[in-house]
Amino acid sequence: MQTEQRSTDKRRRALLIVNESSRTGASHTDAAAAALRNGGLEIFFGTSRRAADLSPCILAHRDDVDCVVLGGGDGTLNAAARGLMATGLPLGVLPLGTANDFARSVGVPFDLEAAARVIAEGYAHAVDIGEVNGHPFFNVASVGLAADLAKRLTREGKRRFGRLSYAITAARCLMEAAPFHATLLVGNEKVMVRTLQIAVGNGRYYGGGNVVAPGARIDDQHLDLYSLEFSRIWRMALMLPHFKRGEHGAIREVRTARGVSFEVITRKPRPVNADGELVTHTPAVFTQRPRAINVYVPETCSLVTVPA
């Protein structure tokens, strides 16, 4: 694991961009700026009306600031990934979204002031970034149920119900789920599957706190794949607690694999969900950029807590 490095510049200049469309973003912009200033940072405000504006905004300010602070959820981070990789600027995270799975993976507290203190302390750690057909993702990219969920989740639903909106929409998707046929290319192996979902994880957490795999880390330079090959939907519903703990690999209907790249081919193009956003379609090639972005993490964090 790469050793954390602490910035010694007490007057770091931070580009602050808060997604005001996120569940709590609009009400926290001033509080976020105040918390960062209390930590000794000089604030430059960035504006972004659309997700597509995030990376260009970062690129436009690359010579003006020393780091980027993003307030929002996993979708906000996903939209900023290209700009962060292109500039090499360290990332500070203010978890103001619904699921905040990337914050979980790097140990950033959900409390706004505590998250701001982590940024002010300046301990940076390099994390991996996944890619699907060239589109970056922090947590997980998937085909099947999660993509159906992403299509159905509305911004208003997330703002109104928070994480409960995921559970409500997921239950509806599960009731209407139908398996599809796919070909998996895992290393030199080709496997034909009939599955409800194929997911490839880069980080440790996804879907509001589910665990990708028992030993998954966002700095381990590996991707973790699972395929849900249940013939009876009700049986999958009974197994949901195993997904929360990352124990789904022990279920016979769940295929798992670890590697540095995977490919998923389907008979007809199917949408691919990356960090909660629909970004491409199958055929899908999943790869990874090791240690691609530096992120501010707590000094005491070993980055990810791995079960003994």
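Reader: What makes the contact of aspartate 219 with arginine 217 a salt bridge?

Author: The closest N and O atoms of aspartate 219 and arginine 217 are 3.0 Å apart. A salt bridge needs a side-chain nitrogen of Lys or Arg within 4 Å of a carboxyl oxygen of Asp or Glu, so 3.0 Å fits the rule. Please keep in mind that this is a predicted model, in which local features need pLDDT of at least 70 and side-chain atom pairs count only at pLDDT 80 or more, while totals for chains, interfaces and linings use all residues. Residues are numbered from 1 along each chain as its sequence is written, and side-chain values use heavy atoms, with hydrogens and water left out.

Reader: Are aspartate 219 and arginine 217 buried or exposed?

Author: Both aspartate 219 and arginine 217 are buried, a word for residues under 20% relative accessible area (exposed is over 50%, partly exposed in between; 1.4 Å probe, protein chains only). Salt bridges with shared partners also join Asp220, Asp224 and Arg258 into one network.

Reader: How many salt bridges are there?

Author: The count is eight. One of them joins arginine 104 and aspartate 101, at 3.2 Å from N to O. These two residues sit three apart in helix H4 (residues 101–106), which means that about one helical turn separates them. Helices (H or I, at least four residues) and strands (E, at least two) are DSSP runs, numbered from the N terminus. Arginine 104 and aspartate 101 are both buried.

Reader: Which parts of the chain does the salt bridge between glutamate 131 and arginine 289 link?

Author: In this salt bridge, the closest N and O atoms of glutamate 131 and arginine 289 are 2.8 Å apart. Glutamate 131 lies in strand E6 (residues 123–132) and arginine 289 in strand E19 (residues 284–296), so the pair, 158 residues apart, links distant parts of the chain.

Reader: Why is glutamate 131 called buried, and why is arginine 289 called partly exposed?

Author: Glutamate 131 has a relative accessible area of 11%, so the word is buried. Arginine 289 comes to 40%, so this residue counts as partly exposed.

Reader: What is the order of the strands in the open sheet of six?

Author: The order is E15-E14-E11-E8-E17-E18, with antiparallel pairing. Strand E15 (254–259) and strand E18 (277–281) each have a single partner strand, so they stand at the edges with one side lacking a neighbour in the sheet. On average, neighbouring strands are turned by 20 degrees against each other, direction ignored (axes are lines fitted to C-alpha atoms, for helices over the stretch in contact, and angles run from 0 to 180 degrees between N-to-C directions).

Reader: How do you know that E8 and E11 pair?

Author: Two strands pair if DSSP finds at least two bridges between them. Strand E8 (residues 140–144) and strand E11 (residues 197–201) have five, so they pair, in the antiparallel sense. Glycine 144 stands opposite glutamine 197 in E11.

Reader: How many bridges join E17 to E18?

Author: Four bridges join strand E17 (residues 271–274) to E18, again antiparallel. Here asparagine 273 stands opposite leucine 278 in E18. E17 and E18 form a hairpin with two residues between them, and aspartate 275 in the turn has a positive phi of about 55 degrees. At 8% relative accessibility, aspartate 275 counts as buried.

Reader: Why is the pair of tyrosine 206 and tyrosine 226 called tilted?

Author: There are two aromatic pairs. Rings of Phe, Tyr and Trp (its six-membered ring) pair if their centres lie within 6.5 Å; planes under 30 degrees apart are stacked, over 60 edge-to-face and the rest tilted. For tyrosine 206 and tyrosine 226 the centres are 6.1 Å apart and the planes at 45 degrees, so this pair is tilted. Tyrosine 206 lies in strand E12 (residues 205–206) and tyrosine 226 in strand E14 (residues 223–228), so the pair ties together parts 20 residues apart in sequence. Both tyrosines are buried.

Reader: What makes arginine 270 sit over the ring of phenylalanine 180?

Author: A charge sits over a ring if NZ of Lys or CZ of Arg is within 6 Å of the ring centre and within 35 degrees of the ring normal. The charged end of arginine 270 is 4.0 Å from the ring centre of phenylalanine 180. Arginine 12 lies over the face of tyrosine 296, at 5.1 Å from the ring centre.
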